[in-house]
Amino acid sequence: MSYSNLKRVDLIFDKECNPKEIIKNTWAKSNDQIINELLESGLKGRGGAGFPTALKWKYTAEQPEPDKYIICNADEGEPGTFKDREILFKVPQKVFGGMVVGAKVIGAKEGFIYLRGEYRFLLPELEAQLEIFHASLKDLKIDFRIKIIMGSGAYICGEESALFESMEGHRGEPRNKPPYPTISGFRSKPTVINNVETLVYAFMICMHGARKFKDLGTADSRGSKVFSISGDTPKAGIYELELGMTVEQFVEEFGDGDTKAVQVGGASGFCVPRKKFKETIIGFEGVPTGGSMMLFNSSRSMFNVLHNYLEFFEEESCGQCTPCRVGCQQLILGIEAVKKGERHANYLEHLQKLAQTMKITAKCGLGQSVANSFFSIVENFKEEMIY
Amino acid sequence: MPEIKELVKNLAGKHGRTRESLIPILQGVIHEERYISDEAMTEIARELDISAAQVYGTATFYSFLDTQPRGKYVIRVCRTISCAMKGKNLITHEIEDMLKIKIGETTQNKKFSLLETNCLGWCHKGPAMLINDEAFTDLTAEKVREIINQYMKK
């Protein structure tokens, strides 16, 4: 199905899929064949960082440690990233399928889904679906089990090492890296952690082969992607689209005719102003995204938007490292002071230096990515920060 | 107090007595009691053989593990950007008006607590709120009145 200028894809939500059959067929292949197929497809992690999925699986498979784990990160609570809920609700068997294929490749006997606390209502249905899945595995004589672990409302637990800490019963505070999870993850064992969407795509590549996926997208951003679209749009919702579109094409389809900015990648992503719509590609060659797309029309104050994002980060910072804990607070106080006229407009430059310091010195992705929205909003909408 | 002791013992029996059991036990206490009291934390520490400070440290980290007394129904209104743009404030004011409490407070009859929370993951259907684990979306003042009235009758 095509829109006027965007290609809609139906890989993830396509009902024509027999997970048991795909698992059976995949089991007949060697691990190298599966890894090569994934490598060939060009699949990169759909959480936003974009690490090649095949390499993550390969590095973990190479570890000599006998106990390994595969974890589905279903706690990506970035504002605007509600696609995972829809995927878990509509096609849970495909998520489990991706996990069991990953488990085969790395040699894991156990897998976990870390489900965000805000989605606890999904739990009964997911448990029921898991029972069906485990019965299929039993039929296929595959020794692998998945357990669901509930989160308790902490955005930082979407960060992989904070997620392990939480699963181990601790505060969800990120660990120092390296070592990376492929070497030392959950229970300090080699661990593959993928987000919900990545696992489904890995499974779909097992079903369709690399070609179908590789033929979509661009050289840097292969395949399709599920987008969560919200804000000032008449078409808010979840859409699976081919990667490589420009923001302009996206706005033509989803805007309300008055779009002045698009936040690509949620609060930790980048704000693209209208003047850059044409030149900005949504993907790794332009602005990467975990799927969150928020549209703002001319009635919105970008000061309020930035303030809301900073409040989000201030509250969700785990507080472990000073750049993030204090930096978020100071950025809020700073933009408020400029807005009230208590500080000269030049003070915004000091705040940008602070954001830059956070980008370099914060311990994890949360503190490091605050600068993305801060810079892109302050630079492109400076007058709205002042007046 | 004996009930808390019994509850924690049962939860430890169900989830185990390792450090990995801590959060499921805390979640179990929340499910039964709506908050984790000092007594519950002390009992959990005793049961898992870890310090009460470690239990406290973990419990206070997570926004859904309340350590303040809460009502039977905890209402969490999403305050993040998309819900804020769609009129989250109207929803909060409506609830405050109906329940005669402010954000962070609990009604005198201990039936409702009103909180604000970060992204509930319903950005395309804002404003959204959770009442305990149940999600409500596309809220309007009328819709909220209807929902709260239903809960008042429970």
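This tour moves through chain A, a few of its residues, and then chain B.

The coordinates are a predicted model, in which local features need pLDDT of at least 70 and side-chain atom pairs count only at pLDDT 80 or more, while totals for chains, interfaces and linings use all residues. Residues are numbered from 1 along each chain as its sequence is written, chains are lettered from A and ligands numbered from 1 in the order in which they are written, and side-chain values use heavy atoms, with hydrogens and water left out.

**Select chain A.** Colour chain A by secondary structure, and you will find 15 helices and 9 strands, where helices (H or I, at least four residues) and strands (E, at least two) are DSSP runs numbered from the N terminus. Chain A is as compact as a globular protein of its length, because its radius of gyration of 21 Å is close to the 21 Å that the globule rule gives for 387 residues; the radius is taken over C-alpha atoms, and the rule is 2.2 Å times the number of residues to the power 0.38. Aligned to the principal axes, the C-alpha atoms of chain A fill a box of roughly 70 × 50 × 35 Å.

Now colour chain A by accessibility: 61% of its 387 residues are buried, a term that means under 20% relative accessible area, with exposed meaning over 50% and partly exposed in between (1.4 Å probe, protein chains only). Chain A exposes about 14900 Å², of which carbon and sulfur atoms supply 49%; accessible areas come from the Shrake-Rupley method with a 1.4 Å probe, and for residues only the protein chains shown count as cover. Among contacts (heavy atoms within 4.5 Å) in chain A between residues at least 6 apart in sequence, 73% join residues at least 24 apart.

**Select Glu40(A).** Glu40(A) belongs to helix α2, residues 31-41 of chain A, and is partly exposed, with a relative accessible area of 40%. Leaving aside neighbours within four places in sequence, Glu40(A) is in contact with Ala210(A) and Lys214(A). Add Ile335(A) to the selection: the C-alpha atoms of Glu40(A) and Ile335(A) are separated by 47 Å, and the two residues are 295 apart along the chain.

**Select residues 83-90 of chain A.** This is helix α4, which is largely enclosed by the rest of the structure, because 6 of its 8 residues are buried. Those buried residues are Lys83(A), Asp84(A), Arg85(A), Glu86(A), Ile87(A) and Leu88(A).

**Select the cysteines Cys318(A) and Cys321(A).** Cys318(A) is buried, with a relative accessible area of 15%, and its sulfur is 6.2 Å from the closest cysteine sulfur, in Cys364(A), too far for a bond. Cys321(A) is also buried, at 17%, and its sulfur is 5.2 Å from the closest cysteine sulfur, in Cys324(A), again too far for a bond. With a disulfide taken as a pair of cysteine sulfur atoms within 2.5 Å, the count comes to 0 over all chains.

**Select chain B.** Chain B has 7 helices and 4 strands, which follow the pattern α-α-α-α-β-α-α-β-β-β-α along the sequence. Its C-alpha trace spans about 50 × 30 × 25 Å along the principal axes. Buried residues make up 54% of the 154 residues in chain B, and the accessible surface of chain B comes to about 7300 Å², of which 48% belongs to carbon and sulfur atoms.
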